[in-house]
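The following exercises introduce a structure to a reader who has not met it before. Each task is followed by a solution in steps.

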Amino acid sequence: MERKPRSLHAMADKWLGLQPEKQVRAKRLAHGRRWRGSCVYVSAAGAMGEVGMFFFHHDDGAWYIFPPGESRPSIGALRTAA
């Protein structure tokens, strides 16, 4: 089974194609009370211009390009297999 990249560096490399000749910058934008994650903007500048993306930290410890869903109150018991 192939392991998915979980670190911010691995995700930025996957989506932005980081290379040694590119200048890379990361800026933390949000770490709020509303949700426990954080948001980082990573940009890479090279000969062809600059490109950047937002990355969001999720509760499972991984970084993704989409924000985590909000926790919603729930009532009831968890289903278990019998």
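pLDDT is the predictor's confidence in each residue, on a scale from 0 to 100. Helices (H or I, at least four residues) and strands (E, at least two) are DSSP runs, numbered from the N terminus. The model is predicted: local features need pLDDT of at least 70, side-chain atom pairs count only at pLDDT 80 or more, and totals for chains, interfaces and linings use all residues. Residues are numbered from 1 along each chain as its sequence is written, and side-chain values use heavy atoms, with hydrogens and water left out.

**Exercise 1. Confidence and architecture**

Task: State which element has the lowest mean pLDDT and which the highest, and give the order of the elements along the sequence.

Solution. Step 1: The protein chain has a mean pLDDT of 78, and 74% of its residues reach 70 or more. Step 2: Among its elements, strand β1 (residues 23-31) has the lowest mean, 80, and β4 the highest, 89. Step 3: Where pLDDT is low, the predicted coordinates should not be read in detail. Step 4: The secondary structure consists of 1 helix and 4 strands, arranged along the sequence as α-β-β-β-β.

**Exercise 2. The two sides of the helix**

Task: Identify the buried residues of helix α1 and determine what covers them.

Solution. Step 1: Buried means under 20% relative accessible area, exposed over 50%, and partly exposed in between (1.4 Å probe, protein chains only). Step 2: In α1 (residues 8-16), the buried residues are Met-11, Ala-12 and Leu-16. Step 3: These lie on the same side of α1, because they cover an arc of only 105 degrees around the axis; the arc is that of the directions from the helix axis to the C-beta atoms. Step 4: An α-helix has 3.6 residues a turn, so residues three or four places apart point the same way. Step 5: His-9 and Lys-14, on the other side of α1, are exposed. Step 6: The cover over the buried residues includes β2 (38-46), β3 (49-57) and β4, where contact means heavy atoms within 4.5 Å. Step 7: Gly-17, with a positive phi near 60 degrees, follows α1.

**Exercise 3. Two residues of strand β2**

Task: Describe the burial of Ser-38 and Ala-44, and the surroundings of Ala-44.

Solution. Step 1: Ser-38 lies in β2 and counts as buried because its relative accessibility is 5%. Step 2: Its C-alpha atom is 5.3 Å from that of His-57, although 19 residues separate the two along the chain. Step 3: Ala-44, also in strand β2, has a relative accessibility of 1% and therefore counts as buried. Step 4: Leaving out residues up to four places away in sequence, Ala-44 touches Leu-18, Lys-22, Gln-23, Val-24, Gly-49, Glu-50 and Val-51. Step 5: From Lys-22, Ala-44 is 22 residues away in sequence and 6.0 Å away in space, C-alpha to C-alpha.

**Exercise 4. His-58 and Phe-66**

Task: Decide whether His-58 is buried or exposed, and establish how Phe-66 is classed.

Solution. Step 1: His-58 is located in the loop between β3 and β4. Step 2: With 13% relative accessibility, His-58 therefore counts as buried. Step 3: Apart from neighbours within four places in sequence, His-58 contacts Tyr-64, Phe-66, Pro-67 and Pro-68. Step 4: Phe-66 belongs to the segment after β4 (63-64), and because its relative accessibility is 46%, Phe-66 counts as partly exposed.
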